[in-house]
Amino acid sequence: MYTRFTQKALNIIYNIPEGKVLTYGRAAALAGKPNGARQISRLLHSMSRKHDLPWHRIINSKGKISLRPSQGYELQKALLESEGVKFSKSDTIDLKVYLWIKPVQMERPY
DNA sequence: CCACTGACTACTT
DNA sequence: CAAGTAGCCAGTG
């Protein structure tokens, strides 16, 4: 079984709307662990396939994709762009525009 | 239980 | 802005 944190994290990730993104840190904080950013990355890595998660909507705090080229970077960028997310010249996403601010009281059960 | 590993972060050089 | 560093903590063996 997974921890409460992990379950909440999955729930959070499911709720990210199209065209919006969350940073690892924000996702972790929303799940109750302000310092659990690294757990988020592992969750995505190990469960995105079986759980059909919108893993591409998670980026790092600098507003950039953390994946390495040829390791999914291009795919993630393409998926985001297809949802309307714009990248700057330096492949950076403007968090002030695209960061998802989770509404209070709205959680779909996982 | 211990050790190790990260798709991380914030801070400091 | 780039590079190094010290915390971070659930999963895995």
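The residues lining the largest pocket split into six nonpolar, seven polar and one charged. Here Ala, Val, Leu, Ile, Met, Phe, Trp, Tyr, Cys and Pro count as nonpolar, Asp, Glu, Lys and Arg as charged, and the others, Gly among them, as polar. This is a predicted model, where local features need pLDDT of at least 70 and side-chain atom pairs count only at pLDDT 80 or more, while totals for chains, interfaces and linings use all residues. Residues are numbered from 1 along each chain as its sequence is written, chains are lettered from A and ligands numbered from 1 in the order in which they are written, and side-chain values use heavy atoms, with hydrogens and water left out.

Back to the pocket: Leu44, His45, Trp55, Leu67 and Gln71 lie nearest its centre, out of 14 lining residues. Helix H3 gives the most to this lining, with five residues.

Now for the DNA. Around strand C sit Tyr2, Thr3, Thr6, Lys33, Asn35, Arg38, Gln39 and Arg42, with near meaning that a heavy atom of the residue lies within 4 Å of the strand. H3, covering residues 37-51, again comes up, giving the most to this surface with three residues; helices are DSSP runs of H or I, at least four residues, numbered from the N terminus. Of the strand C atoms within 4 Å of the protein, 64% belong to sugar or phosphate and the rest to bases. On the phosphate side, a polar side-chain atom of Thr6 lies 3.1 Å from an oxygen. Base oxygens of strand C lie 3.1 Å from a polar side-chain atom of Arg38 and 2.4 Å from one of Gln39.

Methods: Polar contact = N/O pair within 3.5 Å; in protein donor to acceptor, adjacent residues only side chain to side chain. Helix = DSSP H or I, 4+ residues; strand = E, 2+ residues; numbered from the N terminus. 1 Å grid on protein atoms, 1.4 Å probe; cavity = no way out; pocket = protein on both sides within 12 Å on 5 of 7 lines; lining within 4 Å.
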